[in-house]
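Colleague: Could we go through this one together? I would like to talk about its charged pairs and its core.

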Amino acid sequence: VVISGSSDTVSQYASSVWGYSSQGKTNDPDSDTAQRWHAVQALGAPDSDFGDFDTAWSPQVINSDSPFTGSLSTDPSAAEEYIEVGFSRAVLAQGARIYETSGLGFVREIWGVYRDSSGQKTYTQQALWSGVDDSASNANEVGVLEVQFQNQGSELINGLLVLVDTNQSTYWEQIDAIELLGTATTETFKPSPPAIDTIADDDTINLDEKEAGVFISGTYDKS
């Protein structure tokens, strides 16, 4: 988690898996045992090269039998292939970065999710982003889909649901990491379990956390 600048902009990678349509590969009997290509591979910072690497999440089937169905406003998690991840801190959503390693250009929609302390999930009323995935032509960083959400700063979320189209290419469509960008609120400093970091009772970051790199910048307690 990184908090920087006077605007309290928050950047964080996914810290937990909330759901997925499928994972691993049907043609690899060991994928389940070793968690190869499993949804947990999309947690944390990017750690994969380009290509078919088992350190990224992959749907089980390389290509779908049916086309991508488009917006799923009534039940976004009913998509044919998707991954849903949680973040340790709730923020007012600004944008996201999806780090793709194979079959670039397959993300079709990104929905926001808020999960409360009881585990109840609420989806945003519409997709925060939908459109053309230009990760293959990103001049700043090839393979990264960088998007700005609709109605920036109006949705408090601590999760993202990413809908993918497995017919995008003849290759496996794979995601290495998912990064959420947002603005801090009072709730941001109350991490959702399981959290990558911990917070003292006074809701300030302690020196051990600072030195461990939990917060690269921002206010912290020196005691």
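Colleague: Is arginine 108 buried or exposed?

Modeller: Happy to look, bearing in mind that this is a predicted model. The relative accessible area of arginine 108 is 17%. The cut-off for buried is under 20%, so arginine 108 counts as buried.

Colleague: Which residue does the side chain of arginine 108 meet in a salt bridge?

Modeller: The partner sits in the loop between E9 and E10, while arginine 108 is in strand E5, 57 residues apart. That partner is buried too, with a relative accessible area of 12%. At 3.5 Å, N to O, the salt bridge is with aspartate 165.

Colleague: Lysine 121 and glutamate 84 also meet in a salt bridge; which of the two is buried?

Modeller: Their side chains meet at 2.9 Å, N to O, and the pair links strand E6 to strand E4. Lysine 121 has 26% relative accessibility, so it counts as partly exposed. With 2% relative accessibility, the buried one is glutamate 84.

Colleague: Which residues are joined into one network by salt bridges that share partners?

Modeller: One of the links is a 3.3 Å salt bridge between glutamate 146 and arginine 97, which brings together strands E8 and E4. Salt bridges with shared partners make a network of Arg97, Glu146 and Glu179.

Colleague: And the largest nonpolar core: which element gives the most to it?

Modeller: That core has 28 residues, with Ile83 and Phe149 among those with the most contacts inside it. Strands E5, E8, E9 and E10 are among the elements that give two or more residues. The top contributor, with seven residues, is E4.

Terms used
Residues numbered from 1 in each chain as written. Predicted model: local features only at pLDDT ≥ 70, side-chain atom pairs only at ≥ 80, totals over all residues. Heavy atoms only, no water. Core = buried A, V, L, I, M, F, W, Y, C linked by side-chain atoms within 4.5 Å. Buried < 20%, exposed > 50% of the residue type's maximum accessible area, 1.4 Å probe, protein only. Helix = DSSP H or I, 4+ residues; strand = E, 2+ residues; numbered from the N terminus. Salt bridge = Lys/Arg side-chain N within 4 Å of Asp/Glu carboxyl O.
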